[in-house]
Amino acid sequence: LLAQPPAISYAVEFGGLSGPVDIANAGDGSNRLFIVQQAGTIVVRNGATVTQFADFGTTGANIITSGGEQGLLSMAFHPAYDGITNRFFFIYYNDLSGDIAVSRCQTTAGNINTADISTLTPIITISHPTQSNHNGGKLNFGADGYLYFATGDGGGGNDGPNNAQTGTVLLGKMLRIDIDQ
C-alpha cells in the first residue's frame, strides 16, 4: 500500500514585493533576509520589519536596465562580512547598455540596513550585444572565498553564436573571481 502524501500548506510571510528574483543572507548572524527585485531595488527583512536597503533602479542610482529577462538579478555578501570592518556586498545586473555587470558596494557605516550607493565600484562588465535575454545572473561565494557567477549565453534561441562553447567568450560560462586581489 502507498502511504498518503503529507499535507502541504503555506503561509505568506510578507507582501509588497515587485519582481523578486533572489534572496540573500548577510551571514553575520543577524538573520536578516535581503530580497533582490528585478527593477533595481533590494529590501531587507529584519524580524517583522521590511525596509528598503538599496535602490539601483531609475529612482536611485539609475544603473539598471530592467524588463523581460534583464535587471538586478542577484546579490551576495563577502564571506568576511560583519557590517563593521567588512561591509562589502556584490550585485549582478544588466547595466544601462544591457551588458552584464558585477559591482561591489558597501553597507552604510553605522547602519547595516542601508547600502551606501556612493561606494558602488564596477568589478567586471561583459558585453551582451545582440539580445536582451539569457543573462544568467546568480552570485555565490564558494568555500574557497572566490565569487562565482553564471553568465547567460547571450540570448536568442539555441545559442546561435555558440558563445557557451567558445573559450574566448565570457558568455555562457561559470566564472570565478578572487575579489580580495
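## Close-up views of an all-strand model

A76 counts as buried, because its relative accessibility is just 7% and the cut-off for buried is under 20%. Everything in these views comes from a predicted model.

**View 1. A76 in strand β5.** Start with A76, which sits in strand β5, a stretch covering residues 72-77. Which residues does A76 touch once its neighbours within four places in sequence are set aside? They are F89, F90, L139, N140, F141 and L147. For a sense of distance, look for S118 too: this residue is 42 residues from A76 along the chain, and their C-alpha atoms are separated by 18 Å.

**View 2. F89 in strand β6.** Now move to one of the contacts of A76, namely F89. F89 belongs to strand β6, which runs over residues 88-94. Is F89 buried or exposed? F89 is buried, since its relative accessible area is 0%. Not counting residues up to four places away in sequence, F89 has quite a list of contacts: F53, F56, M75, A76, F77, H78, S103, R104, C105, Q106, T107 and A115. Pick out A115 from that list. A115 and F89 are 26 residues apart in sequence, yet from C-alpha to C-alpha they are 9.1 Å apart in space.

**View 3. D28 in the loop between β1 and β2.** Here we leave the strands for a loop: D28 lies between β1 (20-25) and β2 (33-37). D28 counts as partly exposed, because its relative accessible area is 25%, and partly exposed covers what falls between under 20% and over 50%. Its side chain and the side chain of S30 are joined by a polar contact of 2.6 Å. Which residues does D28 contact if you leave aside its neighbours within four places in sequence? The answer is Y81, D82 and I112. Y81 is worth finding in the sequence as well as in the structure: D28 and Y81 are 53 residues apart in sequence but 6.5 Å apart in space, going from C-alpha to C-alpha.

**View 4. H134 and N135 in the loop between β8 and β9.** Two residues share this view. H134 is found in the loop that links β8 (111-126) to β9 (136-141), and N135 has its place in the loop between β8 and β9 too. H134 has a phi near 60°, which is a positive value in a residue other than glycine. How much of each residue is accessible? H134 counts as partly exposed because its relative accessibility is 28%, whereas N135 counts as buried because its value is 2%. The side chain of N135 also makes a polar contact, 3.2 Å, with the side chain of H128. Beyond residues up to four places away in sequence, N135 touches E69, Q70, L73, Y92, N94, I100, H128, A150, T151 and G152.

**View 5. D144 in the loop between β9 and β10.** D144 is found in the loop between β9 and β10. This residue counts as partly exposed, because its relative accessibility is 39%. What does the side chain of D144 pair up with? A polar contact of 2.6 Å joins it to the side chain of Y148. Next, look for S132: it is 12 residues from D144 along the chain, and the C-alpha atoms of the two are separated by 32 Å.

**View 6. D159 in the loop between β10 and β11.** D159 lies in the loop between β10 (147-151) and β11 (174-177). Its phi is near 50°, a positive value in a residue other than glycine. Buried or partly exposed? D159 counts as buried, because its relative accessibility is 11%.

**View 7. Zooming back out to the protein.** How many helices and strands does the protein have? The secondary structure comes to zero helices and 11 strands. The radius of gyration is 18 Å, close to the 16 Å that the globule rule gives for 181 residues, so the protein is as compact as a globular protein of that length. Along its principal axes, the C-alpha trace spans about 60 × 45 × 35 Å. Buried residues make up 42% of the 181 residues. Among contacts with a separation of 6 or more, 46% are between residues 24 or more positions apart. The accessible surface comes to about 9500 Å², and 52% of it belongs to carbon and sulfur atoms. As for charge, the protein has 7 positive and 14 negative side chains, with the centres of the two sets 5 Å apart.

Technical notes. Residues numbered from 1 in each chain as written. Predicted model: local features only at pLDDT ≥ 70, side-chain atom pairs only at ≥ 80, totals over all residues. Heavy atoms only, no water. Helix = DSSP H or I, 4+ residues; strand = E, 2+ residues; numbered from the N terminus. Buried < 20%, exposed > 50% of the residue type's maximum accessible area, 1.4 Å probe, protein only. Contact = heavy atoms within 4.5 Å. Polar contact = N/O pair within 3.5 Å; in protein donor to acceptor, adjacent residues only side chain to side chain. Rg over C-alpha atoms; globule rule 2.2 N^0.38 Å. Areas by Shrake-Rupley, 256 points an atom, 1.4 Å probe, with all protein chains shown as cover. Lys, Arg positive; Asp, Glu negative; His and termini not counted. Charge placed at Lys NZ, Arg CZ, Asp CG, Glu CD.
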